[in-house]
Structure formats: structure tokens, C-alpha cells
Amino acid sequence: MKLSIHYTPKMVADANSYSPSAGKPIQVMASWAELGLPLDIVEPAPVSMDQLLLAHDRAYIEGIFSGKIKNGFGNTLSRVTESLPYTSGVMLSAARAALTNQLGAIAPCSGFHHAAYDHAGGYCTFNGLMVTVAVLLAEGRVRKVGILDCDQHWGDGTQDIIDRLHLGDRVVHYTPCRTFGRAQRAEAFLAMLPQLLMAFSDCDLVLYQAGADPHIDDPLGGWLTTEQLYRRDARVFDGLRKLCIPVAWNLAGGYQRDEAGTIRPVLAIHDNTLRAFAETWNVEAACQADRESTFSD
């Protein structure tokens, strides 16, 4: 089995921002290539205007594409605008693949959950999670979808779209940082994860934001160690496998930098998420030894 990763260089942009999310995918892909895992790289199509309209206001979408409304990074850079249909397209493509293989797929993208129905926020312009949900619902591919958002921050934009479109009975949306979110509660969260996943038991698909920003050293986070983040991911993937629910997962946030100013600490966390996913499906027997050598906080 190869790991289904949905990626295109067209999703990458320099957003001239504190957040590395727009430029992060190309670095993640380079880091993952070094892990020795069998990867199946799938180039996705961009989402269309009609697909964006299923989750966002027309005037807002047109304002972003015309440069009259600032994107989630607070600017109107054309290179960012051009990348946006592909960023959401990656998430949709991975979700389709997960539904097809009934296991899972990977979307190395970020920048979704603060984007609301008619406005941007928090480095997020279009909500690729909700675009994906809305498209799959419209196509009749799913009856109910779960969004497990393990970014450090509440997905206020996601909830806004759910409420605006009256999708509360079709979308299960949960972010653990609101209930846990403190180092003292980290082990309790990990112990409760199998129980928490039961909220998704009647979903046809789960979209999982495997955020790196809950790391204890992240400047915008701070409650899980590297080893605890790995256990988070492993328990999510294993729990969904046991429930027979396919998962499409993405990167979400992560803001650490090393002494050289690179995002290597964030990439290391994303490496571990891929390892956890691979181990769940027994893709590489050597993952355990590799993982043990990387867990140093």
C-alpha cells in the first residue's frame, strides 16, 4: 500500500506573512520524501467558483479574486489568490480518495478554519474543510461528515459556515483545545480520545486537522509534547480505523522556528503525523525505530 498524498506546486505561495502556511506544503513534501515511506502523489484539480459558492458568499469570493477584499494574510497578493483554488482542491481531492479507498488520504495544506461564510480571518481565506463538506453533500457522496480539528485554535469560521448553512445535523465539528488545551490536561485528553471519537461513529468521513501548533513550544500554542502529539495522531488514526471511518487529514497550524529561523520544528511534527498514519496501516515496519529517534523535546 502507498500513502495517498494530494499535492500540487500550484498550492504553494509566498504570503509575506508571519504564518508559514502558504509556503509550507513544498517544505513538508521535501521532508516527507526523506522518510522512505511509499508515497503516491496525486495532483488535484482546483475547486471551481460553483464549488466555492456552496460554502461562501458570492460577493466575498468575487472580492477576493478581484483584489478588492484582503485575504486571510491581510494582503491582496496575486500569487496568494492564484493558489487558493488549489489549496481547497487538495482537501477535496484527498477526501474523495479516502471515500474511495475507505482508509484515508493526506492533504498537506493549511489555512481553513478561521475563514467564515463571508470574511477571512487568522491566515485563512477560503474554508477548504467546509468547501469539501458542501461539495460531497451536494454530490450525495456522504450523508454525514465529521471535522476533528486538532489545531490549537477554535474553528470559528467552520462553525459560522455550519450555522449559516444549517448543517448542524450533517456535520459533527469538534475542537479539543476548548475543553483541554492545558499541559495539565494533556494526558486526560489522550486517555479520552477513543471515547471522544465516538461522536463521529455515524459519519461517512472524518476530516482531521492534525495541527502542529498545540506543541508546548509553539508561540501560539503550548500544551502537548512531541511524544504526546504523536500519540494524539496515532490514537485518532487507530480509533477511526476501528470505527471503519475513512479519514482525510491536513496540516493546520504550526509556528515554531529554530535558531536558524527555519520551520524545521514544525516539519518534524508533520513527519511524525505521517509516521503515525503509516503505522496504523502497517505501511512500514521500520517506522517504530525511526520514530523513537525523533522524539526529543
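## A buried ring and its partner

Let's start with F126, which is buried, with a relative accessibility of 2%. The structure here is a predicted model. F126 has an aromatic partner, F65, and the two ring centres lie 5.6 Å apart. Their planes meet at 40 degrees, so this pair counts as tilted, because the tilted class lies between the cut-offs of 30 and 60 degrees.

The two residues come from distant parts of the chain, 61 residues apart. F65 belongs to helix α3 (residues 58-66), while F126 sits in the loop between β3 (104-107) and α5 (128-139). Unlike the buried F126, F65 is partly exposed, at 36% relative accessible area.

## Other aromatic contacts

The pair of F65 and F126 has company: a search of the whole structure turns up 12 aromatic pairs. There is also an aromatic cluster, made up of W32, Y208, F237, W249 and F277.

A charged residue meets a ring as well. R178 lies over the face of W154, at 4.1 Å from the centre of the ring.

## A look along helix α4

Now let's turn to helix α4, which runs over residues 78-101. How far apart are the end C-alpha atoms of its 24 residues? They are 36 Å apart, which agrees with the 34 Å expected at 1.5 Å a residue.

Along the way, α4 bends by about 30 degrees at L84, and a proline, P85, follows within four residues. The helix is mostly covered, with 18 of its 24 residues buried. After α4 comes Q102, whose phi is positive, near 60 degrees.

Methods. Residues numbered from 1 in each chain as written. Predicted model: local features only at pLDDT ≥ 70, side-chain atom pairs only at ≥ 80, totals over all residues. Heavy atoms only, no water. Phe/Tyr/Trp six-rings, centres within 6.5 Å; stacked < 30°, edge-to-face > 60°. Buried < 20%, exposed > 50% of the residue type's maximum accessible area, 1.4 Å probe, protein only. Lys NZ or Arg CZ within 6 Å of the ring centre and 35° of its normal. Expected span 1.5 Å × (residues − 1). Bend = angle between axes of the 7 residues up to and from the residue.
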